[in-house]
Amino acid sequence: MGSSKACMSTHLIAVLCLVAGARSAAAFNYADALDKAVLFFEAQRSGKLPPGQRVAWRADSALSDGNASNVDLVGGYYDAGDNVKFGLPMAFTVTMLSWSVVEFGGAMPGGQLANAEAAVRWGADYLLKAATATPGALYVQVADPYQDHRCWERPEDMDTPRAAYKVTSQSPGSDVAGETAAALAAASVVFRARDPAYSSKLLRAARQVFDFADRYRGSYSNSLSSVVCPFYCSYSGYQDELLWAATWLHLASSPSPSSQGMYMSYINSNGHNLGAEQDSYTVSWDDKRAATKVLLSKVLLQNRVEGLRTYKAHADKYICSLVPGAGGFQSQYTPGGLLFKEGDSNMEYVTSTAFLLLTYAKYLGSTGGAASCGSTAVTPSTLVSLAKKQVDYILGANPAGMSYMVGFGARYPRRVHHRGASMPSVRDHPGRIGCDEGFHYLHSSDPDRNVLVGAVVGGPDQSDSYSDNRDNYAQAEPSTYTNAPLVGALAFFAGPRTA
């Protein structure tokens with residue numbers, strides 16, 4: 001670039017030059033990938049589909065959810081390839097999708113932003129229902145997963161039990177309630193300017209759910225172990241969700257100084273017991289410790305809240321663990337350069353990590369800062385470069401030459417572990433396909449009947465090998481919480497500027 005001197009004139013210009021430099025070697029159409037990443041959420045919708053539904057092979061489903069408990073729990077998202085509505089990953093999805101829009105929505109063209117906001121609202125509307133349906137309770141799941149997994153059937157054909165499960169003061173679930181509060185608060189920030197009434201409604205509910213989560217402490221893995229474990233057990237405990245929720249409530253309560261002060265006081269008083277000094281190097285639907293530290297670093301860097309400096313130090317440790325050659329590096333990468341955390345659904349860790357690298361780069365760049373990695377200062381440009389490598393790997397810059405986003409590029413997975421995608425649509429096959437009859441499609445080597453556009457699958461193993469086999473759920477299953485942070489990362493690389 002011929003503007004290196006201009007890039008040094010102000011911190012703001014430096015950030016903009018950083019973004020431009022990252023895009024100068026763009027190998028992919030990130031705007032197209034962003035469109036597809038958001039479209040995936042429409043394929044995951046449960047309930048009565050809206051008139052503008054773009055995924056035409058889906059139809060209405062689960063229209064009686066909640067009836068057995070005399071509540072309305074219609075709507076929300078199926079988290080992955082089955083037909084259960086799991087509250088913990090759904091709430092995390094809404095939080096991360098909201099964070100993506102908050103940080104990088106300004107980089108999205110109007111149509112893309114509207115679709116991303118619609119995806120946030122679809123999930124937030126459901127969480128509002130779950131939070132307000134019954135006083136003193138939060139509904140956290142619909143359907144028995146063991147019964148659901150006995151069948152391979154389209155959402156439109158479901159005939160398995162749709163029991164609704166809740167946490168209460170007697171059967172607490174501070175983890176799922178804390179994440180729900182975080183999701184509602186984060187979504188309220190998304191709609192603060194565009195729909196103030198809706199934003200206020202979300203924020204009121206978030207405060208109530210947080211109070212419930214904090215007052216009646218306990219893990220939903222204990223209260224509802226028979227239906228949430230081992231599927232979405234809260235292995236990290238509930239402390240991280242309480243601190244995460246308080247952080248989002250602090251941000252969502254602006255510009256109300258009294259409310260902001262209340263949540264900052266909570267963070268200062270409870271942070272030590274809720275994991276302020278604990279280091280975690282994986283961010284997921286279960287563990288938000290590192291993500292909370294990154295988010296609180298934003299408050300420190302932009303508002304100079306000195307009491308949060310310990311969070312910046314631990315955020316640095318997380319970031320340093322990811323950067324090869326930096327002091328504190330301890331991550332594993334495949335020979336092809338993909339961050340590798342787990343054998344099952346590894347891409348969920350890749351997308352959340354890429355997003356956090358970019359948000360931290362944004363926060364640091366806006367104040368002229370860097371991550372302190374031992375004797376090395378890691379610059380925002382290094383973080384952007386590392387995030388770009390991960391995003392590009394997903395889109396096809398990998399040893400297999402395969403895009404792990406369905407429908408993007410010329411070569412992508414054709415046998416996704418997903419009921420609706422694998423089977424003929426109701427439009428093409430109006431007759432019901434029974435529970436056992438559906439397994440023919442699961443085990444078939446035929447390509448998916450419906451292309452699940454935008455879905456990011458679990459991805460390759462530690463040797464960059466991928467088996468395009470529907471039975472291999474560890475590699476072939478997509479999820480909403482994989483796509484949610486990727487929306488923000490793609491918006492960063494697609495847009496002309498940071499949000």
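Helices here are DSSP runs of H or I with at least four residues, numbered from the N terminus, and I use that naming throughout these entries on a predicted model.

**Entry on Leu34**

I began with Leu34, which I find in helix H2, a run covering residues 30–43. I then asked whether Leu34 is buried or exposed. Its relative accessibility comes out at 1%, and because buried means under 20%, Leu34 counts as buried. Setting aside the neighbours within four places in sequence, I listed its contacts and obtained Met108, Gln112, Val487, Leu490 and Ala491. I also checked one long separation along the chain: Ser256 is 222 residues from Leu34, and the C-alpha atoms of the two are separated by 34 Å.

**Entry on the disulfides**

How many disulfides does a search of the whole structure find? I get three, and I went through them in turn, keeping in mind that a disulfide is a covalent bond between the sulfur atoms of two cysteines.

I looked up Cys151 and Cys435, which are joined with an S to S distance of 2.0 Å. The torsion about their S-S bond is about -95°, so I record this disulfide as left-handed. Cys151 sits in the loop between helix H5 (145–148) and strand E3 (164–168), while Cys435 sits in the loop between helix H16 (419–422) and helix H17 (439–443), so the pair ties together parts that are 284 residues apart in sequence. Both ends pass the burial cut-off, Cys151 at 6% relative accessibility and Cys435 at 18%.

For Cys229 and Cys233 I note sulfur atoms 1.8 Å apart, and a torsion of 100° about the S-S bond, which makes the link right-handed. I find both of these cysteines, Cys229 and Cys233, to be buried.

For Cys320 and Cys373 the sulfur atoms are 1.9 Å apart, and the value of -90° about the S-S bond gives a left-handed link. This pair links distant parts of the chain, with Cys320 in helix H13 (residues 309–320) and Cys373 in strand E4 (residues 371–373), 53 residues apart. Cys320 and Cys373 are both buried as well.

**Entry on the largest pocket**

I turned next to open space, where rolling a probe the size of a water molecule over the atoms shows what is left empty. The largest pocket holds about 790 Å³ of space. Which of its lining residues are closest to the centre? Out of 32 lining residues, I note Phe231, Ser345, Tyr473, Glu477 and Tyr481 in that position. Helix H14 (347–367), H17 and helix H18 (473–476) each supply at least two residues of this lining. Sorting the lining by class, I count 16 nonpolar, seven polar and nine charged residues.

**Entry on the second largest pocket**

For the second largest pocket I have a volume of about 210 Å³. Its lining consists of 13 residues, and those nearest the centre are Val102, Val189, Arg192, Leu251 and Lys298. Which helices each supply at least two residues of this lining? I find helix H3 (87–104), helix H10 (239–252) and helix H12 (289–303), and H12 gives the largest share, with five residues. By class, I record seven nonpolar, three polar and three charged residues in the lining of the second largest pocket.

Technical notes. Residues numbered from 1 in each chain as written. Predicted model: local features only at pLDDT ≥ 70, side-chain atom pairs only at ≥ 80, totals over all residues. Heavy atoms only, no water. Buried < 20%, exposed > 50% of the residue type's maximum accessible area, 1.4 Å probe, protein only. Contact = heavy atoms within 4.5 Å. Disulfide = S-S within 2.5 Å. 1 Å grid on protein atoms, 1.4 Å probe; cavity = no way out; pocket = protein on both sides within 12 Å on 5 of 7 lines; lining within 4 Å. Points joined across faces, edges and corners; volume = space filled by probe spheres on them. Nonpolar A, V, L, I, M, F, W, Y, C, P; charged D, E, K, R; others polar.
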